[in-house]
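Here are some exercises to work through with the model open beside you. Try each one yourself before reading the solution.

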There are 2 protein chains.
Amino acid sequence: MPRTEPDLVIKNAVVVTADARRRVIDGGGVAVSSGRITDVLPAAELAAHEAGAGRVVDAAGMLLMPGLVNTHCHAGDSLFRGLVEDLPLEAWLQTVWKAEAAILNPETSRLGSVLGFAEQLLSGVTTVMDMFWYPRETVEAARAVGMRVSTGGIFFDPPGVNGHGLERRKAEAERFFAEHAGADDVFPAVLPHGAYTVAPDNLVAARAIADAHGGLFSIHAAETLAEQADVGGRYGRSVIRHLDHHGLLDARTVLAHCVHLDDEEIAILARTRAVVSHNPVSNLKLGSGIARVPDMLEAGVRVTLGTDGAISGNDLDLWLALRLAAMLHKGANHRADAVSTQQALDMVTREGAAALGAEDRIGSLEPGKFADMVLVDLKRPHAVPLFDPVTHLVYSTGRSDVRHVFLAGEQVVRDGVLTRLDIAETIAAVEALAPKIAASIA
Amino acid sequence: MPRTEPDLVIKNAVVVTADARRRVIDGGGVAVSSGRITDVLPAAELAAHEAGAGRVVDAAGMLLMPGLVNTHCHAGDSLFRGLVEDLPLEAWLQTVWKAEAAILNPETSRLGSVLGFAEQLLSGVTTVMDMFWYPRETVEAARAVGMRVSTGGIFFDPPGVNGHGLERRKAEAERFFAEHAGADDVFPAVLPHGAYTVAPDNLVAARAIADAHGGLFSIHAAETLAEQADVGGRYGRSVIRHLDHHGLLDARTVLAHCVHLDDEEIAILARTRAVVSHNPVSNLKLGSGIARVPDMLEAGVRVTLGTDGAISGNDLDLWLALRLAAMLHKGANHRADAVSTQQALDMVTREGAAALGAEDRIGSLEPGKFADMVLVDLKRPHAVPLFDPVTHLVYSTGRSDVRHVFLAGEQVVRDGVLTRLDIAETIAAVEALAPKIAASIA
């Protein structure tokens, strides 16, 4: 018998735990107390927990999985979805920065971030690493919809959106740690933009702030051939070697993109335990290239998945990134077994959690972890019949199949609708801003 | 004033016509009489048609577009979704054929086809070219949900699912034309499986039947390197040259896949006006490769899009194929402008219709054409704001945004639900069959 009566029991689900043994339980469920999972059990054993439970959810016809983790995003850029098209990264960035400079302030950043987080939460993403200009507003937006977020001060040597200089950026990064110490729903980080936009000394200074607080460090890296040429020309080393040379790579580092790597750079990533955030949608659409994911996995590099911003990928669909992670590299390498479905699913669950140093709290359904959970509909015509649940999640189901989402046991999405926020108001506010956004690059 | 009062008026939509001028009308709509579009107009001019209309649909917040055309599918294979994984085409086919032989008969083929067509109609596909073992049941299934279908007798020299020999296949192909002559909702075809499974004489015989009836001819072609090696070894010519040598390529030919082509083969396709059905999802997942779509477009080859079957791609999401058509080749070629959004959208609208010889009846919103129409929701968080409607359709909206679908003016999907059929019964029947399907390859 359970020691305490649970607040919530979910039963009769196909449970994909993403635990160390990758257990799948057909017809099981979980018990939740005080926001944490207490038990993950088959039907027979779960029954004992049901009697005194505060709420029992019958998940027949649904699949229960951990909330997804997106390791690279700029949610606020959802304001600019579809605005700048058919340009390579470098030319594209010039136009993007023009639009951002004209439009973004703390208020509009918060608005765009709410839109971007709402989209993701509705798709079952419960934790996101987000790099944006106003990290306090990023946290406010994540809390408004009900997500965990890893974010913090950004570093960018040009004036950027808010024109803050280095000293102010350092102070902001420090302050972010002070303000979010001990928060369950924030994983504080320092996020310099890139090796081509932040000088080595400033990267080192950013890293020192992260290290002083036990925080994370995330940066764009090796996204395009032009970036490699730029950094190589300035510093005589490729991007990954440059970052390694300055002592910036370790298990608390998340490198967004890593499209263009040679074998030795892959070995450096494996040795340092730095995490790659693979962003296939953005990399394809901007013409950046196709990352060497099978080679990275074979070398033991930690690979996770990101959506990047909706300004490059045009939406924030982590399910599309998941599906591409499993199938793009099969096609690109002419190998039908290039990335397994389990490897792909790991990227958005347990590996994503580990990337944020949070594998003890999120990323799988296991006793003691936060009850961040997703219920996926299994009864829609595009996802019937079901033979293997992991294959099913990677290739057949998608964002629109997510029916219910729980964050620490609180239902934050019910039947496809956010519970904390009326998203219609956000949508109306974004649409009201749209003419000004369009004019910003005219 | 209109000459006759329309049966249906749809107003206040963002109208993407896909007509010859690619007109987009913000705040317009259509009038429909007797299943045909009579007018495509801006709001002010449409108002005159509204008064006496049988039904007026206010499409504010929605986008109106023509029904999509999928030029390569095996809908019945939806029964085997996710059953055979991580194998290259040739090994995969051996297992697939084993499962098909154990499970498929006219009744189960019809069941699987209903499932596959239901999935597609719900996503806004109103016309599909489908190659499967029992074409009569394919037509029945398409009619059951409310779609147009191009199908007909298949040719396959091995015994295949039903063990029919050549003479019987010829008779069946002939009979299909006789039975479907003059049907508005069927575009009759002859569909030999491939150059490696059908001998040249039999391909020529199949073609003769198609030609005698003015029908279409569709075949898998140049899908994998192994197929090229096989056909090259047998006949001393690559697949496209082999088909051209036997006079099988012309404007009534649809070639599924065409992944592996040299420059001269691309020139042959351009010269003969044969249509390519690009199937990016299947090609990636089976490790077949990445088709040279930008080169084909540049050479003037007619390129359309297909989903292939759910047994290879694991769903039948033409929106995913659309998005990949626009973005995959940017990444693979390091060119952010490799395929334009308009080129991609053309593939699933006017070019798809032309591939089936039906550009006078479907594929765009124009007076005189069938009122095959889709209303797409524009108010969901992943698809706000909207700057350019074509960009939006290709990169931001997807199958789950399709709210309403009309076939010849009849509403066949209403708020995401089929109107002709209760799909729950189909799903239950497929699930009841699933254990037997799993056992078929055990």
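**Exercise 1. Find what packs over helix α9 of chain B, and which of its residues sit underneath.**

Step 1. Start with the cover: α7 (225–235), α8 (239–245), β12 (253–257), β13 (275–278) and α11 (293–299) of chain B are among the elements lying over the buried residues of α9(B). Contact here means heavy atoms within 4.5 Å. Helices (H or I, at least four residues) and strands (E, at least two) are DSSP runs, numbered from the N terminus.

Before going on, some housekeeping: this is a predicted model, where local features need pLDDT of at least 70, side-chain atom pairs count only at pLDDT 80 or more, and totals for chains, interfaces and linings use all residues. Residues are numbered from 1 along each chain as its sequence is written, chains are lettered from A and ligands numbered from 1 in the order in which they are written, and side-chain values use heavy atoms, with hydrogens and water left out.

Step 2. Now look underneath. In α9(B), which spans residues 263–272, the buried residues are E265(B), I266(B), I268(B), L269(B), A270(B) and T272(B). Buried means under 20% relative accessible area, exposed over 50%, and partly exposed in between (1.4 Å probe, protein chains only).

Step 3. Check both ends of the helix. At the start, a side-chain oxygen of D262(B) comes to within 3.1 Å of the backbone nitrogen of E264(B). Just after α9(B) comes R273(B), with a positive phi near 70 degrees.

**Exercise 2. Work out how chain A and chain B are related.**

Step 1. Superpose them by least squares on the C-alpha atoms of residues with pLDDT of at least 70 in both. Chain A lands on chain B with an RMSD of 0.0 Å, after a turn of 180 degrees and a shift of 0.0 Å along the axis. The two copies are thus related as by a two-fold rotation axis.

Step 2. Compare the contact surfaces. The same surface serves both copies, as 100% of the contact residues of chain A recur in chain B.

Step 3. Which residue of chain A comes closest to the rotation axis? That's S400(A), with its C-alpha at 3.0 Å.

**Exercise 3. Describe the interface between chain A and chain B.**

Step 1. Get the extent. Chain A puts in 64 residues and chain B puts in 64 residues. About 4700 Å² is buried between them, 65% of it from carbon and sulfur atoms. That area is the accessible area (1.4 Å probe) that two parts lose on being put together, summed over both.

Step 2. Count the polar links. There are 6 salt bridges between the chains, each a side-chain nitrogen of Lys or Arg within 4 Å of a carboxyl oxygen of Asp or Glu. One to look up is K330(A) with D86(B), whose closest N and O atoms are 3.8 Å apart. You'll also find 18 residue pairs in polar contact between the chains, both residues at pLDDT 80 or more. Such a contact is a pair of N or O atoms within 3.5 Å; within protein, one must be able to donate a hydrogen and the other to accept it, and residues adjacent in sequence count only if both atoms are side-chain atoms.

Step 3. See who supplies the surface. On the chain A side, the elements giving two or more residues are α3 (106–122), α10 (280–285), α13 (318–333), α16 (389–395) and α17 (423–440). Of these, α13(A) gives the most, with 8 residues.

Step 4. Zoom in on G331(A), which is in helix α13 of chain A. At 1% relative accessibility, G331(A) counts as buried. Skip its neighbours within four places in sequence, and its contacts are N283(B), L284(B), G287(B), G289(B) and I290(B).

**Exercise 4. Look up the backbone oddities at A18(A), R273(B) and the V384–P385 peptide bonds.**

Step 1. A18(A) isn't a glycine, yet its phi is positive, about 60 degrees. It lies in the loop between β1 (8–16) and β2 of chain A, and at 4% relative accessibility A18(A) counts as buried.

Step 2. Back to R273(B): this residue is in the loop between α9 and β13 of chain B. At 38% relative accessibility, R273(B) counts as partly exposed.

Step 3. The peptide bond from V384(A) to P385(A) is cis, with omega near -5 degrees. P385(A) sits in the loop between β15 (373–377) and α16 of chain A. In chain B, the bond from V384(B) to P385(B) is cis too, with omega near -5 degrees.
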